[in-house]
Amino acid sequence: MLDLERLRALHSVATYGSVSAAADVLHVTTSAVSQQLAKLERETGQKLLERNGRGVKLTDAAELLVAHADRILSLVERAQADLEAHRGAVVGQLSMAAFATAIRGLVPAALGRLRADHPGLRVLLREEDPLRSMPLVARGDLDLAVVQDWNNEPLPPAEGLCKGLICDDVADVALPAGHPLAGRDVVDLKELADDTWISSPPESVCCDWLLHTLRGVDAEPRIDHTADEIPSQLALAAAGMGNVIYPRMGRCEVPDGVRIVRLKSPLTRRIFAVWREEAARRPAIRAAVEALRAAVPAVPADLAGAAPNAPR
């Protein structure tokens with residue numbers, strides 16, 4: 001009989017392209033993955049990996065087995081979810097990812113609620129951009145992800161994933177204090193379109209969205225500076241390096257030299273939780289989504305004079 005953990009090891013090699021990458025995902029050593037694959041070869045009587053330069057590639061027999069492993073691992077997850085649902089207890093382990101401002105402004109309160117209400121549940125949290133976390137959920141490497149999209153650029157659908165709305169979040173613009181429009185209460189984005197901007201690194205949701213949004217007002221974006229963290233972006237703005245789109249969730253202290261101005265046409269992002277369809281019946285998934293929604297009133301409304309947040 002085929003061993004489930006050995007199938008999982010082969011599936012991970014197929015998904016991530018190497019034995020070492022599979023070991024990282026499975027949180028074991030490269031040697032342990034190699035041993036699992038060697039045992040699987042003996043069980044099946046088939047060669048599963050071939051040398052390919054400095055790496056390895058799957059044989060035809062391995063590709064066939066991986067196709068079955070996809071279905072087997074999905075069925076196992078569904079069975080585990082059904083058992084948890086039958087038992088009704090929120091216990092075990094839940095792996096979760098969220099983007100930076102959600103980790104700062106939403107997730108801590110949700111995790112505190114989960115710990116208080118369900119002490120038998122262990123949550124493992126990591127920070128990930130939605131463009132990375134959604135595929136990780138789809139592949140089964142994460143159980144749940146907190147992601148975002150914007151009112152002018154909806155999140156593309158992902159096959160096999162469910163999503164639930166957590167709240168809406170409004171964004172303002174952070175301008176250097178010396179900016180000609182920094183004294184305004186409200187500004188039209190078109191008036192800023194030709195300015196220099198500061199954003200998240202390329203190939204992140206926020207950077208892609210800012211490019212899309214500025215092109216929507218007939219401007220070719222000038223993103224001269226990128227930084228992962230909002231405080232770093234604001235520090236650059238304080239130095240006069242450019243403007244920053246500044247969501248109200250997860251706000252930090254605004255440095256001297258920065259002014260927060262509301263946008264005439266509000267930019268709104270929607271915060272979602274996403275999980276696999278096979279895991280939808282897990283009590284831990286439901287409890288986590290409920291805790292995230294309950295944490296929304298704890299989101300700081302405003303730290304710099306902008307209009308208060310009003311999540312739905």
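A salt bridge is here a side-chain nitrogen of Lys or Arg within 4 Å of a carboxyl oxygen of Asp or Glu. By this rule the count for the structure comes to 14 salt bridges, and the structure itself is a predicted model.

## Overall architecture

The protein is built from 10 helices and 12 strands, and its C-alpha atoms fill a box of roughly 75 × 50 × 30 Å when the box is taken along the principal axes. Of the 312 residues of the protein, 44% count as buried. Among the contacts with a separation of 6 or more, 73% come from residues that stand 24 or more positions apart.

## Salt bridges

Side chains of opposite charge can pair when their charged atoms come close. Three of the salt bridges are set out below, with the N to O distance of each pair and the relative accessibility of each partner.

| Pair | N to O distance | Accessibility of the acid | Accessibility of the arginine |
|---|---|---|---|
| Asp 117 and Arg 113 | 3.9 Å | Asp 117, 45% | Arg 113, 44% |
| Asp 143 and Arg 282 | 3.5 Å | Asp 143, 13% | Arg 282, 8% |
| Asp 172 and Arg 248 | 2.7 Å | Asp 172, 1% | Arg 248, 5% |

The pair of Asp 117 and Arg 113 lies within one element, since both residues belong to helix H6 (residues 107-117), where they are 4 residues apart and thus separated by about one helical turn. An α-helix has 3.6 residues a turn, so residues three or four places apart point the same way. Asp 117 counts as partly exposed, and Arg 113 counts as partly exposed too.

Where, by contrast, do Asp 143 and Arg 282 lie along the chain? The side chains of these two residues form a salt bridge in which the closest N and O atoms are 3.5 Å apart. Asp 143 lies in the loop between H7 and strand S5 (144-150), and Arg 282 in the loop between strand S12 (267-276) and helix H10 (283-295), so the salt bridge ties together parts that are 139 residues apart in sequence. Asp 143 is buried, because its relative accessible area of 13% falls under the 20% that sets the limit for buried residues. Arg 282 is buried as well, with a relative accessible area of 8%.

The side chains of Arg 248 and Asp 172 also meet in a salt bridge, at 2.7 Å from N to O. This pair links distant parts of the chain, with Arg 248 in the loop between S10 and S11 and Asp 172 in strand S6, 76 residues apart. Arg 248 counts as buried at 5% relative accessibility, and Asp 172 is buried with a relative accessible area of 1%.

Salt bridges that share partners join Arg 126, Glu 128 and Arg 132 into one network. Of these residues, Arg 132 lies in helix H7 (residues 130-139) and is partly exposed, with a relative accessible area of 43%. Measuring from C-alpha to C-alpha, Arg 132 and Glu 153 are 17 Å apart in space, while their separation in sequence is 21 residues.

## Packing of the helices

Two packed helices are described by the angle between their axes and the distance between the axes. Helix H2 (residues 19-26) packs against helix H3 (residues 30-44) at an angle of about 105°, with the two axes 8 Å apart. Because angles of 65 to 115 degrees count as roughly perpendicular, H2 is roughly perpendicular to H3. On the H2 side the contact is made by Val 19, Ser 20, Ala 22, Ala 23 and Leu 26, and on the H3 side by Thr 30, Val 33, Ser 34 and Leu 37. These contact residues divide into 6 nonpolar, 3 polar and no charged.

Which residues of helix H9 (residues 230-238) are buried? They are Ile 230, Gln 233, Leu 234 and Ala 237. Seen down the axis of H9, these buried residues fall within an arc of 95°, so they line one face of the helix. The elements that cover them include helix H5 (100-105) together with strands S6 (161-176), S8 (196-199), S10 (244-247) and S11 (258-263). Just after H9, Gly 240 takes a positive phi of about 85°.

## A residue at the start of H4

Asp 60 is found in helix H4 (residues 60-87), and it counts as exposed at 71% relative accessibility. From C-alpha to C-alpha, Asp 60 and Gln 46 are 9.7 Å apart in space and 14 residues apart in sequence.

Terms used: Residues are numbered from 1 along each chain as its sequence is written. This is a predicted model: local features need pLDDT of at least 70, side-chain atom pairs count only at pLDDT 80 or more; totals for chains, interfaces and linings use all residues. Side-chain values use heavy atoms; hydrogens and water are left out. Helices (H or I, at least four residues) and strands (E, at least two) are DSSP runs, numbered from the N terminus. Buried means under 20% relative accessible area, exposed over 50%, partly exposed in between (1.4 Å probe, protein chains only). The arc is that of the directions from the helix axis to the C-beta atoms. Contact means heavy atoms within 4.5 Å. Axes are lines fitted to C-alpha atoms, for helices over the stretch in contact, and angles run from 0 to 180 degrees between N-to-C directions. Angles under 35 degrees count as roughly parallel, over 145 as roughly antiparallel, 65 to 115 as roughly perpendicular and the rest as oblique. Ala, Val, Leu, Ile, Met, Phe, Trp, Tyr, Cys and Pro count as nonpolar, Asp, Glu, Lys and Arg as charged, and the others, Gly among them, as polar.
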